[in-house]
Amino acid sequence: MSEGNSMASENGTDLSQDDTGTIEENPEETILSQQTSVNLVPFIGQRFVSQDAAYEFYCSFAKQCGFSIRRHRTRGKDGVGRGVTRRDFTCHRGGFPQMKPSDDGKMQRNRKSSRCGCQAYMRIVKRVDFDVPEWHVTGFSNVHNHELLKLNEVRLLPAYCSITPDDKTRICMFAKAGMSVRQMLRLMELEKGVKLGCLPFTEIDVRNLLQSFRNVNRDYDAIDLIAMCKKMKDKNPNFQYDFKMDGHNRLEHIAWSYASSVQLYEAFGDALVFDTTHRLDSYDMLFGIWVGLDNHGMACFFGCVLLRDENMQSFSWSLKTLLGFMNGKAPQTLLTDQNIWLKEAVAVEMPETKHAVYIWHILAKLSDSLPTFLGSSYDDWKAEFYRLYNLELEEDFEEEWSKMVNKYGLREYKHITSLYALRTFWALPFLRHYFFAGLLSPCQSEAINAFIQRILSAQSQLDRFVERVAEIVEFNDRAATKQKMQRKLQKICLKTGSPIESHAATVLTPYAFGKLQEELLMAPQYASLLVDEGCFQVKHHTETDGGCKVIWIPCQEHISCSCHQFEFSGILCRHVLRVLSTDNCFQIPDQYLPIRWRNVTSASTNPLRTTTRDRSEKIQLLESMASALVSESLETEERLDVACEQVAMVLNHVKDLPRPIHGMDDIAYACPSHSLILPEVEDTDGIVQSITVGNSHESFTLGKLKERRPRDGVDVSRKRRHCSEPCCRHFGHDASSCPIMGSDTLNAELLGYL
């Protein structure tokens, strides 16, 4: 074989595979693969819409050739960075068996294995064109060092012994009728008209399936699920759930939402994703989940539902239940997959909500047939399609769409006709007037999908499933809190020197400020021309005509742009920012810094602050913040000194507050993360600026305390005493007068923590 990039497998073998071609064949070392009658043979440059599509294609090819495949190496990880960017599929006989030690330290017995180091493989690599990911075949070899199976033999491989959902249902019914496994197999052979022993599954597969049915009793699980929800409701009255039984007293639908989800929905329930593309395989129920984005751009869970059937009645029940959980508050916008029943249910139950469809769901269906129809023109059409998708004006879309259809001969293509009929549900020119909080961006959709996949991975018995989802939601909340803390500790770099940028940095979250900063950096590339009183024409310096129309009325602090980016995302566009800077406006008007994207601290806007939060939840949040503070402070001695000084100041401030009269639970809780820790803003020239929020006498920073000015020519800093206590160690006093050691509420546990 030729020497390519050597890739070590997890089982100790080396696969010499080339990223851009096939492996050269050597008849002396391998057995050539059998010729196949399948026309669809993998080739370099072949494209797939997903990993699963590529796997199914290669699996079908392998079955015709006489072998099965397995997933091998990957590059990247789901939910981290760019996610998985490369995937290798290999022959099931690839690699070599390894001896693994058992729990008692002894090596396992030498069991027989079919692995013989076969080098057949197919490699796919993820590429993103026009913000849509595709998987391209970059390596393929069909050379095997073992004999391939015949068609009547390959079906017995474990990978192809699959039982369809319809067959599972019939087997379950036969079992209830008291039939033996052999009787079931014989009856199904007669029904399907196949020869004896030629079913796609064996007797062992049926027995394993029946055993799984015995382990999962759906009727009892439904009862346990309802009992579990009632138990959680008794523990926390803010836990929400509802269910519906059918005429046979079987669970038909059930939905639930946690207390934290209801609080998050109050602040961030303006834009929702309702994902209904998954099922719980163990119970054959449709699984729907409501997800959104918080003010830091992180996925937040609002609720989920299990539906027995997929029809308009089921979706209507789920939407009404969500509104019941959320005190009747409907979202401004709702993103779903392309489903006719769901579309009708949203129109009935949420008439004021703008319903939109993910473009990725639509294109996934077109990718199956359109490349064949267009042939070599498919890439050109896709580029043209995304140009139309991102247009700003509806009139331009209508005109350009007609040209595109005529150019590629798609006038009679039914899928394009139906796509055009639904244009108000997916095309951005028709959606820019509505607020979507960034949910339509590819990076946010991938983050939400990764969060949904983590929940789906928790499938188990129904009652346990509710607890597992709660654990995942709680873990996600803790991780989000820690990440927010880390972002607050990071220095915000001002890149333009604009007063508008400095003002926005004190108001917006780091996520929202980053989006606004991107627009600020692009604004100087645009020219602003006054065409009428309060009306500006803003266009790129390379454009001779066109551009956007900006209306700016300073006396009313009203501003708008024809691109509608503010209405779409809640972030001002570069055209508006250009006009504001040209007109010597040094701050963004308050109404154009939405509360949704702010570092809010008031109880009415902050979802983490509520008078009904239990004391235990307050303590848990404080412990999480303290843990993040400790982990960050221990990195350097300077950080540790600063942290000790600031904690001492906070303790003094807390001790000065009046004591509660009716107990701790009567105090309205305010999330301290916004007042304890504020970011430092670093200008591009390296000057650190302290950013404060709110009144100046209530704010402070994490920067080092300034030295006192000398009085009467004496350096006061030399007179300052240094506390020797390990829990304090800051200046201004000694161990005898340490404010921390003198605290009545300080116990040994706190001393150990500090």
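Guide: Let's start with the vocabulary: a helix here is a DSSP run of H or I with at least four residues, and helices are numbered from the N terminus. Met485 is found in one of them, helix α17 (residues 462–489). Keep in mind that this is a predicted model.

Visitor: Is Met485 buried or exposed?

Guide: Buried means under 20% relative accessible area. Met485 has a relative accessible area of 3%, so it is buried. There's also a long-range approach to look at: the C-alpha atoms of Met485 and Met625 are separated by 7.3 Å, although the two residues are 140 apart along the chain.

Visitor: And zooming out, how many helices and strands does the chain have?

Guide: The secondary structure comes to 26 helices and 21 strands. Of the chain's 754 residues, 44% count as buried. Take the contacts with a separation of 6 or more: residues 24 or more positions apart account for 60% of them.

Visitor: Let's get to the core. Which residues of the largest nonpolar core touch the most other members?

Guide: The general idea first: in soluble globular proteins, nonpolar side chains tend to be buried together. In this model the largest nonpolar core has 107 residues, and Tyr258, Trp381, Trp401, Leu410 and Trp426 touch the most other members. Domain 3 (224–358 + 426–478) and domain 4 (491–597) both give residues to this core, so it lies between them.

Visitor: What is Trp426 in contact with, leaving aside its neighbours within four places in sequence?

Guide: The partners of Trp426 are Val357, Ile359, Ile362, Phe385, Tyr389, Phe397, Trp401, Leu419 and Leu431. Trp401 in that list is also one of the core residues that touch the most other members.

Visitor: On to charges. How many salt bridges does a search of the whole structure find?

Guide: Side chains of opposite charge can pair when their charged atoms come close. The search finds 20 salt bridges here. Try Glu384 and Arg387, whose closest N and O atoms are 2.8 Å apart.

Visitor: How are Glu384 and Arg387 separated in helix α12?

Guide: By about one helical turn, because they are three residues apart in helix α12 (residues 378–389). Arg387 is partly exposed, with a relative accessible area of 38%. The pair also belongs to a wider set: Glu384, Arg387, Glu399, Glu400 and Lys403 are linked in a network of salt bridges.

Visitor: Which salt bridge does Glu398 form?

Guide: Glu398 pairs with Arg423, with the closest N and O atoms 2.9 Å apart. This pair links distant parts of the chain, since Glu398 sits in helix α13 (residues 394–407) and Arg423 in helix α15 (residues 423–426), 25 residues apart. Glu398 itself is partly exposed, at 27% relative accessible area.

Visitor: What about Glu519: which residue does it form a salt bridge with?

Guide: With Arg574, and the closest N and O atoms are 2.9 Å apart. Again distant parts of the chain are linked: Glu519 is in helix α19 (residues 510–522), Arg574 is in helix α21 (residues 574–582), and their positions lie 55 residues apart. Glu519 counts as buried, at 8% relative accessibility.

Visitor: Now the strands. What order do the five strands of the open sheet have?

Guide: Reading across the sheet gives β3-β7-β6-β5-β4, with antiparallel pairing. β3 (47–48) and β4 (69–75) stand at the edges with a single partner strand each, so one side of each is left without a neighbour in the sheet. Further in, β5 (residues 86–91) and β6 (residues 121–129) pair in the antiparallel sense over five bridges. To find the register, look at Arg87: its bridge partner in β6 is Ile124.

Visitor: Last, the loops. Where does His564 lie?

Guide: In the loop between β19 (558–561) and α20 (565–569). Check the backbone of His564: phi is near 60°, a positive value in a residue other than glycine. Asn584 likewise has phi near 60°, and Asn584 is found in the loop between α21 and α22 (615–633). Asn584 counts as exposed, at 57% relative accessibility.

Visitor: Is His146 buried or exposed?

Guide: Buried, at 6% relative accessibility. His146 lies in the loop between β7 (132–141) and α2 (151–154), and a polar contact of 3.4 Å joins its side chain to that of His144.

Key. Residues are numbered from 1 along each chain as its sequence is written. This is a predicted model: local features need pLDDT of at least 70, side-chain atom pairs count only at pLDDT 80 or more; totals for chains, interfaces and linings use all residues. Side-chain values use heavy atoms; hydrogens and water are left out. A salt bridge is a side-chain nitrogen of Lys or Arg within 4 Å of a carboxyl oxygen of Asp or Glu. Helices (H or I, at least four residues) and strands (E, at least two) are DSSP runs, numbered from the N terminus. Buried means under 20% relative accessible area, exposed over 50%, partly exposed in between (1.4 Å probe, protein chains only). A polar contact is a pair of N or O atoms within 3.5 Å; within protein, one must be able to donate a hydrogen and the other to accept it, and residues adjacent in sequence count only if both atoms are side-chain atoms. A nonpolar core is a set of buried Ala, Val, Leu, Ile, Met, Phe, Trp, Tyr and Cys residues joined through side-chain atoms within 4.5 Å. Domain bounds come from an automatic or database domain assignment. Contact means heavy atoms within 4.5 Å. Two strands pair if DSSP finds at least two bridges between them.
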